[in-house]
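Work through the following exercises with the model open beside the text, and try each task before reading its solution.

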Amino acid sequence: MLIDSARRAEAAAKEMLGYVNDGSVSCAEAREALAVCKAFMAAGSAFQAGAARIIAQAERHGDGGTQVLADAAGLSQRDARSQVKTAQVIEAVPAVRDAVESGRVSQANARRLAEAVEKTSAADVASDDELLAKAQSMRPEQFVREARRWTADHQDDGGVSEYRRMRARRCVRIWDGDDGMVHLRGEFDPVTGKRIASRLRAEARRLHDIDKKHTADSNRGKRLTFDQCMADALDNLTNITCARQGSGRPLADICVVAQVDDATGELVAELPDGARLPKTVLEQLACNAKLTGVVYDRKGKPIWRTESRRTVTESQWQLLIAKWGGCFHCGANPGICQGHHIEPASRGGPTNLDNLVPACWTCHHRIHHDGWQIHKSPDGNHTLHPPDTVSFGPARAPDHAPALFKPGTQHDPDPPPPPPRPSLSGGESGVSASPQHEPLFALT
């Protein structure tokens with residue numbers, strides 16, 4: 001019976017294709033047939049995943065049917081694995097499963113719903129009729145942002161654990177290919193990925209404009225492609241001497257949109273593509289950022305705008321490094337340090353020397369994500385401690401301050417030996433905390 005049904009479906013599909021190929025179909029008929037085919041194709045995809053699962057279970061493949069589906073449907077391993085996984089996850093939410101199998105929800109939106117189930121629960125997704133309605137009415141490009149927002153709102157920790165999971169997956173691989181080229185592949189969390197992409201595109205645009213002018217002046221026919229400029233931009237930006245453009249202006253970074261939720265009064269921060277950021281990440285980004293406050297009218301038109309900058313100036317940075325020699329806690333090389341506001345900028349902390357210390361990437365992450373605290377000392381030699389510990393006195397500053405220099409040059413001095421660190425109760429392992437922060441600003 002199953003074989004007969006499959007052959008009838010094949011015959012019907014070939015008959016439909018014949019009508020299209022001979023040009024005898026009107027636009028109205030084609031549109032109506034496409035709507036019917038949407039349900040037909042959705043049911044076919046659900047059948048493929050289900051049949052592959054039955055075969056894999058019976059033959060004990062252990063992959064849920066991925067290989068069977070890839071072979072039978074001519075899919076890549078990645079696409080087959082995604083289709084099988086989506087089918088398995090939405091099985092726990094009958095309303096979603098029925099909507100997918102009937103074609104009311106596309107496969108792309110079904111994947112987003114499956115991700116929402118994994119990151120929250122099947123009960124949360126099943127109880128939200130509005131989310132399912134949006135999955136049926138929105139295009140995949142729209143629903144991906146909506147699903148991300150919904151997931152962040154329904155996670156107990158506001159997305160902190162999910163962000164840490166993505167951070168833990170970050171990686172870059174470089175290897176020599178058989179074609180003689182060097183290959184590079186990387187995965188990053190949303191903030192780091194957007195930041196890298198923005199810097200590369202800014203530099204690539206600059207190189208593209210230069211090449212355009214050079215091509216016109218020299219009558220050279222072939223111009224560089226933008227992909228080639230992206231490769232050249234990566235080469236430039238990985239050279240520490242090219243970390244700033246010739247004009248001295250910092251390269252483009254990322255945009256974070258923060259707004260106050262009308263219902264809860266909480267500050268909500270997102271990347272422009274809708275990716276929600278935990279408060280701890282927003283707090284860290286606010287340390288060195290340009291803040292733009294905007295007030296909108298009821299129609300969404302901006303009626304007031306102001307800016308303030310929280311980045312450390314060159315002269316401030318030189319004085320900080322002259323005092324500390326590197327990271328204020330571990331003494332790491334200043335080339336991997338950032339200016340940190342002791343009193344957070346999001347709480348009104350000023351960008352002056354009394355409220356700044358140089359912190360390496362590791363120590364900066366500990367402060368913002370693991371609850372480490374800075375204990376201020378009257379003489380300015382502040383110390384960093386894990387949560388729930390007490391201060392054992394100020395750390396010793398370097399005996400000899402290094403010569404002033406501009407960070408990011410190829411003549412960075414070697415870092416001084418780190419100051420002696422007291423033995424802290426509790427140690428550094430197993431420490432995890434998520435401090436609460438005040439919003440950057442409140443608009444009423």
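The chain has a secondary structure of 15 helices and 11 strands, where helices (H or I, at least four residues) and strands (E, at least two) are DSSP runs numbered from the N terminus. This is a predicted model, in which local features need pLDDT of at least 70 and side-chain atom pairs count only at pLDDT 80 or more, while totals for chains, interfaces and linings use all residues. Residues are numbered from 1 along each chain as its sequence is written, and side-chain values use heavy atoms, with hydrogens and water left out.

**Exercise 1. Confidence and overall character**

Task: State the mean pLDDT of the chain, and identify a stretch where the pLDDT is below 50.

Solution: The pLDDT, which is the predictor's confidence in each residue from 0 to 100, has a mean of 79 over the chain, and 80% of the residues reach 70 or more. Over residues 240-252 the pLDDT is below 50, and this stretch has 20 contacts in the model beyond near neighbours in sequence, a contact being heavy atoms within 4.5 Å. Residues 390-444 also have a pLDDT below 50, with 109 such contacts in the model. Where pLDDT is low, the predicted coordinates should not be read in detail. As for the chain as a whole, 33% of its 444 residues are buried, with buried meaning under 20% relative accessible area, exposed over 50%, and partly exposed in between (1.4 Å probe, protein chains only). Among contacts between residues at least 6 apart in sequence, 56% join residues at least 24 apart.

**Exercise 2. The two sides of a helix**

Task: Check the length of helix α12 against its expected span, and determine which of its residues are buried.

Solution: Begin with the span, for which the expected value is 1.5 Å times one less than the number of residues. Helix α12 has 12 residues (226-237) and should therefore span 16 Å, which agrees with the 16 Å between its end C-alpha atoms. Next, consider burial: Cys-229, Ala-233 and Asn-236 are the buried residues to locate in α12. They lie on the same side of α12, because they cover an arc of only 60° around the axis, the arc being that of the directions from the helix axis to the C-beta atoms. Finally, the exposed residues Asp-227 and Asp-235 are carried on the face of α12 turned away from its buried side.

**Exercise 3. Strand pairing**

Task: Describe how β1 pairs with β2, and give the strand order of the open sheet of three strands.

Solution: Strands β1 (residues 171-176) and β2 (residues 182-187) run antiparallel and are joined by six bridges; two strands pair if DSSP finds at least two bridges between them. Within this pairing, Ile-174 stands opposite Leu-184 in β2. The hairpin has five residues between its strands, and Gly-180 there takes a positive phi near 90°. The open sheet has the order β3-β4-β5 with antiparallel pairing, and its edge strands, β3 (257-260) and β5 (276-277), each pair on one side only. Two bridges join β4 (residues 267-270) to β5, and Ala-269 stands opposite Leu-277 in β5.

**Exercise 4. Two loop residues**

Task: Is Arg-60 buried or exposed, and is Ala-286 buried or exposed?

Solution: Arg-60, in the loop between α2 (27-59) and α3 (66-73), counts as exposed because its relative accessibility is 78%. Its phi is near 55°, a positive value in a residue other than glycine. Ala-286, in the loop between α13 (279-285) and β6 (290-296), counts as buried because its relative accessibility is 4%. The C-alpha atoms of Ala-286 and Val-256 are separated by 9.7 Å, with the two residues 30 apart along the chain.
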